[in-house]
Amino acid sequence: MDLYEAIKSRYSVRSYLNKPVEQEKLNRILEAARLAPSGSNRQPWKFVVVRDPETRKRLVGACCDQGFVGQAPVVIAAVGLMPDRIMSCGVPGDPVDVAIALEHVALAATAEGLGTCWIGAFHQNQIRALLGIPANAKVIEVMTLGYPADHPRPKTRKPIRELACYDQWQ
């Protein structure tokens, strides 16, 4: 699948088939994340890849009772390893770097015929406890991954003229 086709066809999957993700596909997806850019190439992340069914079920409650989290054959907790780092522009670095890597995951998964969903509604301390994440790291996002059982709904997006301006703010 070409990059622009992956961008157009990616959607937030909230229903998954009971079908495991092949290790070869998972390896390619994680490689895409590994190749993502990060500030000073620090790669300040670690991905806890959860495949164990019992752990995935326990993650449902930690993700605000979103049932599809337990249904997905893979759940990735994306952990920032430098939570106190602030970039020179004044923005925290971990959320930016981890988001770039996870978007690589989302697009690579789409290219592999899989679906993902970004999960921002979760309880930090519960995820940390369930997955043994140390106190000096922070869960930035959780992402589900698997074969979609649903179909994308029509997307509504703002026109470019509302999202971009040239040379000066307008």
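Angles over 145 degrees between N-to-C directions count as roughly antiparallel, and those under 35 degrees as roughly parallel. The exercises below apply this and similar cut-offs to a predicted model.

**Exercise 1. Determine how helices α3 and α6 are oriented to each other, and which residues form their contact.**

Solution.
1. Two packed helices are described by the angle between their axes and the distance between the axes.
2. Helix α3 covers residues 53–62 and helix α6 covers residues 124–131; their axes come within 9 Å and cross at roughly 165°.
3. The cut-off for roughly antiparallel is over 145 degrees, and α3 and α6 are therefore roughly antiparallel to each other.
4. The handedness of this crossing of α3 and α6 is right-handed.
5. On the α3 side, the contact is made by T55, R58, L59, G61 and A62; on the α6 side, by Q126, I127, L130 and L131.
6. Sorted by class, the contact of α3 with α6 comprises five nonpolar, three polar and one charged residues.

**Exercise 2. Check the length of helix α5 against the expected span, and describe its surroundings.**

Solution.
1. Helix α5 runs over residues 93–111, which is 19 residues.
2. At 1.5 Å a residue, α5 should span 27 Å; the end C-alpha atoms are 28 Å apart, so the two values agree.
3. The buried residues of α5 are G93, D94, D97, V98, A101, L102, V105, A106, L107, A108, A109 and T110.
4. These buried residues are covered by elements that include the helices α1 (3–9) and α2 (23–34) and the strands β1 (45–50), β2 (74–80), β3 (115–119) and β4 (138–146).
5. After α5 comes G113, which has a positive phi near 85°.

**Exercise 3. Describe the packing of α2 on α5.**

Solution.
1. The axes of α2 and α5 come within 8 Å, and their crossing angle is roughly 145°.
2. The crossing of α2 past α5 is right-handed.
3. Helix α2 contributes I29, A32 and A33 to the contact, while α5 contributes A101, H104, V105, A108 and A109.
4. By class, seven nonpolar, one polar and no charged residues form the contact of α2 with α5.
5. Among the α5 residues in this contact, A101, V105, A108 and A109 also appear in the list of buried residues of α5.

**Exercise 4. Decide whether T116 is buried or exposed, and name its contacts distant in sequence.**

Solution.
1. T116 is located in strand β3.
2. Its relative accessibility is 1%; buried means under 20%, so T116 counts as buried.
3. With neighbours within four places in sequence left aside, T116 is in contact with Y11, S12, V13, Y16, A106, A109, M143, T144 and L145.
4. Of these contacts, A106 and A109 are buried residues of α5.

**Exercise 5. Place R153, N41 and D167 in the chain, and classify each as buried or exposed.**

Solution.
1. R153 is found in the loop between β4 and α7 (160–163). Its relative accessibility is 66%, so R153 counts as exposed.
2. R153 and Y11 are 142 residues apart along the chain, yet their C-alpha atoms are separated by 8.3 Å.
3. N41 belongs to the loop between α2 and β1. At 55% relative accessibility, N41 counts as exposed.
4. D167 is in the segment after α7, and D167 is exposed, with a relative accessible area of 83%.
5. Most residues other than glycine have a negative phi. In N41, phi is positive, near 55°; in D167, phi is positive, near 70°.

Terms used
Residues numbered from 1 in each chain as written. Predicted model: local features only at pLDDT ≥ 70, side-chain atom pairs only at ≥ 80, totals over all residues. Heavy atoms only, no water. Axes fitted to C-alpha atoms, helices over the stretch in contact; angles between N-to-C directions. Helix = DSSP H or I, 4+ residues; strand = E, 2+ residues; numbered from the N terminus. Parallel < 35°, antiparallel > 145°, perpendicular 65-115°, else oblique. Left-handed = near helix turned anticlockwise from the far one by under 90°. Contact = heavy atoms within 4.5 Å. Nonpolar A, V, L, I, M, F, W, Y, C, P; charged D, E, K, R; others polar. Expected span 1.5 Å × (residues − 1). Buried < 20%, exposed > 50% of the residue type's maximum accessible area, 1.4 Å probe, protein only.
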